[in-house]
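Biologist: I should like to request a close look at one part of the model shown below. Please set that part in the context of the whole chain afterwards.

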Amino acid sequence: VLFTLLLIITGAVAEPKIEEKKLIHFIDQLVSQEMTCMSLAIGVKKHEIRVERFNGGTSAGGSLNSDTVFKIGSITKTFTATLLAIENQNGRIHLNDLLSSHTPFSTKIPSYNNQQIRILHLADHTSALPRDMPTPDPRTLPSAVWRFLGDYHLTQPPGVHYNYSNL
């Protein structure tokens, strides 16, 4: 498993027109203080200056660059939960909504004996969906996930049992 950290720093340097070399030096110093992960990509944009720095490598022994695909894993759950809370407070989505009311038109969502998956079931991992798709790939397009869901058959009712899912 490739452990990765994606770190985006904005506003980390107070000078409005910092030179690119100073920014690179700042990032390199930050990374050299504590490098506890196998790979690290840092992108900084300050005004018109954009700097990318990479440390470590891929699990296949390759070098990191701006085209490297990272599986950023569970960090996305924090973003998703925050956005869900905001949308819930703004009344645009509710935890008790059916998943099917927020999917692309004509997408079939699996159910179990007419018990449908709700947004809450996704949030608390009781959707009865599998942990992953059969061939997880960090570059899987959303359309492939929707197709997978359309063909999937739930083996238990949603909302009953905890079953961690990355879907």
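How many residues lie between β2 and β3 in the hairpin that they form, and which residue in the turn has a positive phi?

Modeller: The model is a predicted one, and the answer begins with the hairpin itself. Two residues separate β2 from β3, and the turn residue with a positive phi is His-47, at about 60°. The two strands span residues 39-46 for β2 and residues 49-56 for β3; they run antiparallel and are joined by eight bridges. One of the pairings places Val-44 opposite Val-51 of β3, its bridge partner.

Val-51 also belongs to a nonpolar core: a set of eight residues that includes Leu-40, Ile-42 and Ile-49 besides Val-51, and that is separate from another core in the protein. In regular strands, side chains alternate between the two faces of the sheet. The hairpin also carries a salt bridge, between Arg-50 and Glu-52, whose closest N and O atoms are 2.6 Å apart. Arg-50 counts as exposed because its relative accessible area is 60%, above the 50% cut-off. Glu-52, by contrast, is classed as partly exposed because its relative accessibility is 32%.

The search of the whole structure returned two salt bridges. Besides the pair in the hairpin, Arg-92 meets Glu-87 through their side chains, at 2.7 Å from N to O. Arg-92 counts as exposed, since its relative accessibility is 54%. Glu-87 has a relative accessible area of 26% and is therefore partly exposed.

Following the chain beyond the hairpin, one reaches the loop between β3 and α2 (75-89), where Val-69 is placed. Val-69 counts as partly exposed because its relative accessibility is 36%. Its C-alpha atom is 9.5 Å from that of Thr-58, a residue eleven positions away in sequence.

The hairpin is one piece of a chain with four helices and five strands. In sequence order these elements follow the pattern β-α-β-β-α-β-β-α-α. Of the 167 residues, 28% count as buried. The exposed surface of the protein amounts to about 11500 Å², of which carbon and sulfur atoms supply 54%. Among contacts with a separation of 6 or more, 59% are between residues 24 or more positions apart.

The other core is the largest nonpolar core of the protein, with 13 residues, and the members that touch the most others in it are Ile-117, Leu-129 and Leu-154. Leaving aside residues up to four places away in sequence, Ile-117 touches Leu-98, Leu-99, Ile-109, Pro-110, Leu-122, Ser-127, Leu-129, Leu-154 and Pro-158. As a general matter, nonpolar side chains in soluble globular proteins tend to be buried together.

Helix α3 covers residues 119-123, and Ala-123 lies in it. Ala-123 is partly exposed, because its relative accessible area is 43%. Its C-alpha atom is 8.3 Å from that of Leu-95, although 28 residues separate the two along the chain.

The loop between α3 and α4 (142-151) is where His-125 is found. The phi of His-125 is positive, near 60°, and the residue is not a glycine. His-125 counts as buried because its relative accessible area is 13%, below the 20% cut-off. Ala-128 also has its place in the loop between α3 and α4. Ala-128 has a positive phi of about 70°, again without being a glycine. Its relative accessible area is 3%, so Ala-128 is buried. For most residues other than glycine, phi is negative. The hairpin turn offers a further example in His-47, with its positive phi of about 60°.

A word on confidence completes the account. The mean pLDDT of the protein is 80, and 83% of its residues reach 70 or more. Residues 1-14, however, have a pLDDT below 50, and this stretch makes 32 contacts in the model beyond near neighbours in sequence. Predicted coordinates should not be read in detail where pLDDT is low.

How values were computed:
Residues numbered from 1 in each chain as written. Heavy atoms only, no water. Buried < 20%, exposed > 50% of the residue type's maximum accessible area, 1.4 Å probe, protein only. pLDDT = per-residue confidence, 0-100. Contact = heavy atoms within 4.5 Å. Core = buried A, V, L, I, M, F, W, Y, C linked by side-chain atoms within 4.5 Å. Pairing = 2+ DSSP bridges. Salt bridge = Lys/Arg side-chain N within 4 Å of Asp/Glu carboxyl O. Areas by Shrake-Rupley, 256 points an atom, 1.4 Å probe, with all protein chains shown as cover.
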